[in-house]
Amino acid sequence: MSIKADNCIIDIHRLMVHPKHFRKGIARRLLNCIEGKMENFVAVVASTGTKNAPAVAFYLKNGLLKTVETRITEHLSLTFFKKQR
(Lines give C-alpha, C1' and ligand atoms only; values in the text may rest on other atoms or scores of the structure.)
Protein backbone atom coordinates (compact mmCIF):
# COMPACT_ATOMS: atom_id res chain seq x y z
CA MET A 1 0.00 0.00 0.00
CA SER A 2 1.23 3.46 -0.83
CA ILE A 3 -0.48 6.60 0.42
CA LYS A 4 0.34 10.27 0.52
CA ALA A 5 -1.32 12.84 2.75
CA ASP A 6 -1.08 16.51 1.82
CA ASN A 7 -3.34 19.32 2.94
CA CYS A 8 -5.54 16.81 4.77
CA ILE A 9 -6.24 14.85 1.57
CA ILE A 10 -5.35 11.17 1.63
CA ASP A 11 -4.12 10.15 -1.83
CA ILE A 12 -4.06 6.37 -2.28
CA HIS A 13 -1.44 5.49 -4.86
CA ARG A 14 -1.58 1.70 -4.57
CA LEU A 15 -3.88 -0.51 -2.56
CA MET A 16 -3.15 -4.12 -3.39
CA VAL A 17 -3.92 -7.46 -1.80
CA HIS A 18 -2.25 -10.69 -2.87
CA PRO A 19 -4.65 -12.78 -5.00
CA LYS A 20 -4.50 -15.66 -2.48
CA HIS A 21 -6.17 -13.31 0.00
CA PHE A 22 -8.87 -11.74 -2.17
CA ARG A 23 -12.39 -11.56 -0.75
CA LYS A 24 -11.27 -11.62 2.89
CA GLY A 25 -11.99 -7.96 3.67
CA ILE A 26 -8.32 -7.00 3.79
CA ALA A 27 -8.58 -4.03 1.41
CA ARG A 28 -11.56 -2.71 3.37
CA ARG A 29 -9.61 -3.01 6.64
CA LEU A 30 -6.63 -1.20 5.09
CA LEU A 31 -8.91 1.63 3.94
CA ASN A 32 -10.54 1.82 7.37
CA CYS A 33 -7.11 1.91 9.02
CA ILE A 34 -5.99 4.78 6.78
CA GLU A 35 -9.13 6.76 7.50
CA GLY A 36 -8.92 6.03 11.24
CA LYS A 37 -5.31 7.17 11.55
CA MET A 38 -5.89 10.38 9.60
CA GLU A 39 -8.39 12.05 11.91
CA ASN A 40 -8.13 15.48 10.28
CA PHE A 41 -8.48 14.45 6.65
CA VAL A 42 -11.06 16.19 4.49
CA ALA A 43 -11.02 13.79 1.55
CA VAL A 44 -9.69 10.49 0.21
CA VAL A 45 -8.74 10.27 -3.46
CA ALA A 46 -7.74 7.24 -5.51
CA SER A 47 -7.48 6.10 -9.10
CA THR A 48 -7.41 2.79 -10.94
CA GLY A 49 -7.56 1.44 -14.45
CA THR A 50 -11.07 1.91 -15.79
CA LYS A 51 -11.23 -1.75 -16.84
CA ASN A 52 -10.21 -2.95 -13.35
CA ALA A 53 -13.79 -3.83 -12.42
CA PRO A 54 -12.99 -5.23 -8.95
CA ALA A 55 -11.11 -2.06 -7.93
CA VAL A 56 -13.79 0.22 -9.38
CA ALA A 57 -16.46 -1.73 -7.49
CA PHE A 58 -14.38 -1.62 -4.29
CA TYR A 59 -14.00 2.15 -4.32
CA LEU A 60 -17.67 2.72 -5.13
CA LYS A 61 -18.77 0.27 -2.42
CA ASN A 62 -16.63 2.08 0.12
CA GLY A 63 -18.10 5.51 -0.45
CA LEU A 64 -15.74 6.99 -3.03
CA LEU A 65 -17.50 8.65 -5.95
CA LYS A 66 -16.25 8.59 -9.51
CA THR A 67 -15.02 12.09 -10.40
CA VAL A 68 -13.47 11.73 -13.85
CA GLU A 69 -12.30 9.18 -16.39
CA THR A 70 -9.20 10.05 -18.40
CA ARG A 71 -7.94 8.27 -21.51
CA ILE A 72 -4.16 7.85 -21.27
CA THR A 73 -3.55 5.85 -24.45
CA GLU A 74 -5.72 4.05 -26.98
CA HIS A 75 -5.88 1.02 -24.67
CA LEU A 76 -5.63 2.61 -21.22
CA SER A 77 -7.90 4.90 -19.27
CA LEU A 78 -7.91 5.78 -15.59
CA THR A 79 -10.90 6.42 -13.37
CA PHE A 80 -10.49 8.80 -10.44
CA PHE A 81 -12.48 8.68 -7.23
CA LYS A 82 -13.03 10.97 -4.25
CA LYS A 83 -14.67 10.65 -0.84
CA GLN A 84 -15.37 13.81 1.14
CA ARG A 85 -15.39 13.57 4.91
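A strand here is a DSSP run of E that covers at least two residues, and strands are numbered from the N terminus. With that in hand, let's walk through this predicted model, starting from one residue: T79, which sits in strand β5.

Strand β5 covers residues 76-84, and its side chains take turns. S77, T79, F81 and K83 point to one face and are buried, while L76, L78, F80, K82 and Q84 point to the other face and are not. That fits a general pattern: in a regular strand the side chains alternate between the two faces of the sheet.

So what about T79 itself? Buried means under 20% relative accessible area, and T79 counts as buried because its relative accessibility is 2%. Its side chain also makes a polar contact of 2.7 Å with the side chain of T50. Setting aside neighbours within four places in sequence, T79 touches A46, S47, T48, T50, K66, V68 and E69.

Now look at the strands that pair with β5. One is β3, which runs antiparallel to β5 and is joined to it by seven bridges; G49 stands opposite L78 of β5. Another is β4, residues 65-73, also antiparallel to β5 and also paired over seven bridges. Here R71 has S77 in β5 as its bridge partner. Two residues lie between β4 and β5, and the two strands form a hairpin.

Finally, there's the largest nonpolar core, with 15 residues. Those with the most contacts inside it are I10, I12, L15, V44, F58, Y59 and L64. The elements giving two or more residues to this core are β2 (9-14), α1 (26-37), β3 (43-49) and α2 (53-61). In soluble globular proteins, nonpolar side chains tend to be buried together.

Methods. Residues are numbered from 1 along each chain as its sequence is written. This is a predicted model: local features need pLDDT of at least 70, side-chain atom pairs count only at pLDDT 80 or more; totals for chains, interfaces and linings use all residues. Side-chain values use heavy atoms; hydrogens and water are left out. A nonpolar core is a set of buried Ala, Val, Leu, Ile, Met, Phe, Trp, Tyr and Cys residues joined through side-chain atoms within 4.5 Å. Buried means under 20% relative accessible area, exposed over 50%, partly exposed in between (1.4 Å probe, protein chains only). Helices (H or I, at least four residues) and strands (E, at least two) are DSSP runs, numbered from the N terminus. Two strands pair if DSSP finds at least two bridges between them. A polar contact is a pair of N or O atoms within 3.5 Å; within protein, one must be able to donate a hydrogen and the other to accept it, and residues adjacent in sequence count only if both atoms are side-chain atoms. Contact means heavy atoms within 4.5 Å.
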